[in-house]
Amino acid sequence: MTVSGIRVTIRVLWEGISSRIAGIAFLCVWILAGVAVALSGCGVSDAPESPSLTVAAAASLYSAFTEIGREFQEETGIVVTIAFGASGQLTQQIENGAPFDVFASANEAYLDRLDARGLILPGSRMVYAHGRLALVVHRGSDPGIERLEDLANPALGPIAIANPDHAPYGAAARQALERVGLWEGVSSRIVMGENVRQALQFVQTGDAPVGIVARSIADVPEVRYVVIPDDLYDPLSQSLAILKASAHPDEARRFVEFVGGPAGQAILQRHGFDPPEGR
């Protein structure tokens, strides 16, 4: 039996998993993927192994980077594996040695943290987009919410956001609620997802009738959304960089260039991101 042209691409969603356990899980998955690739070519094909790349990406990038990864792989032949999760949790995994090549954060603060520890390849940082917050409402129980101030009504029930301690969009959601004077009044009704996609899932399933998430993932059938004015929270300057420990720096540089280039930028803006300054 001849086996050729086999590629192994694994997408890991870091939702509801502690950073330490997630880091171990990723290592195990990566080892198993390597074994699968090795076995697929053992004695049955002389074809060279496809180049590969592992990207850690903020959960707000799920829709956009899924498309970017697919188009980049089609254009370059480089197999892309993407792990999505809260930026803070991914940062901890990188600090603990997770084998990522590129890290795309939902804000600059976590890259600053890694940079201070010497974990980023000098000169590789780039702001690739600016994120926006959206108020999402479950269509099946739509109470007619149109603005943040409407959340003051206790009869609405739970309000879903990402955990502000490690998710930039969760921190921005809290900040927006604080700026309209609602945080103290609604804090007892807040339900937190480990990342912004899990917060969205609470609303998609109806477990929470409303939530505050990234505009970039809000366009799903189960909810409608209203974009929140950007003067209610600090800018979400989404940044990426190549990690110094990358085993594939050349492939990583090509990926970064793709994200910052016309094709990558068109995808990001199609998914609700604003372009970085100067574009």
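1. Surface and overall make-up. The protein has an accessible surface of about 12,300 Å². Carbon and sulfur atoms hold 51% of that surface. Bear in mind that this is a predicted model. The chain has 279 residues, and 53% of them count as buried. Its secondary structure comes to nine helices and 11 strands.

2. Contacts along the chain. Take the contacts in the protein with a separation of 6 or more. Of these, 78% join residues 24 or more positions apart. Two pairs described below, one with V80 and one with L156, give examples of residues separated along the chain.

3. Helix α3. This helix spans residues 87–95. Seven of its nine residues are buried, so α3 is largely enclosed by the rest of the structure. The buried set is S87, G88, Q89, L90, T91, Q93 and I94. Just after the helix comes G97, with a positive phi of about 95 degrees.

4. Helix α9. How are the buried residues arranged around this helix? In α9, residues 262–270, they are G264, Q265, I267 and L268. They cover an arc of only 160 degrees around the axis, which puts them on the same side of α9. Their packing partners are α2 (62–76), β5 (126–131) and α8 (249–260). G272 follows α9, and its phi is positive too, near 95 degrees.

5. The cavity. The structure holds one cavity of 30 Å³ or more. About 50 Å³ of space lies in the largest cavity. Its lining draws on several stretches of the chain:
   - A58, A59 and S60;
   - G85, A86 and S87;
   - A106;
   - A167, P168 and Y169;
   - N195 and V196.

   Which classes of residue make up this lining? Eight are nonpolar and four are polar, with no charged residue. One of the lining residues, S87, is also among the buried residues of α3.

6. The second largest pocket. This pocket has about 210 Å³ of space. Its lining has 15 residues. A98, P99, F100, A245 and S246 lie nearest the centre. By class, nine lining residues are nonpolar, four are polar and two are charged. The lining of this pocket thus includes charged residues, whereas that of the largest cavity has none.

7. V80. This residue sits in strand β3, residues 79–85. Is V80 buried or exposed? Its relative accessibility is 3%, so V80 counts as buried; the cut-off is under 20%. V80 and E251 are 171 residues apart along the chain. Their C-alpha atoms are separated by 9.8 Å. The β3 range also takes in G85 by number, and G85 is one of the residues lining the largest cavity.

8. L156. Here the setting is a loop, the one between β6 (133–138) and β7 (159–162). L156 is nonetheless buried, with a relative accessible area of 13%. What does L156 touch, leaving out residues up to four places away in sequence? The list is P143, I145, D150, L151, R189 and P209. R189 is 33 residues from L156 along the chain, with 9.3 Å between the two C-alpha atoms.

Technical notes
Residues numbered from 1 in each chain as written. Predicted model: local features only at pLDDT ≥ 70, side-chain atom pairs only at ≥ 80, totals over all residues. Heavy atoms only, no water. Helix = DSSP H or I, 4+ residues; strand = E, 2+ residues; numbered from the N terminus. Buried < 20%, exposed > 50% of the residue type's maximum accessible area, 1.4 Å probe, protein only. 1 Å grid on protein atoms, 1.4 Å probe; cavity = no way out; pocket = protein on both sides within 12 Å on 5 of 7 lines; lining within 4 Å. Points joined across faces, edges and corners; volume = space filled by probe spheres on them. Nonpolar A, V, L, I, M, F, W, Y, C, P; charged D, E, K, R; others polar. Arc of directions from axis to C-beta. Contact = heavy atoms within 4.5 Å. Areas by Shrake-Rupley, 256 points an atom, 1.4 Å probe, with all protein chains shown as cover.
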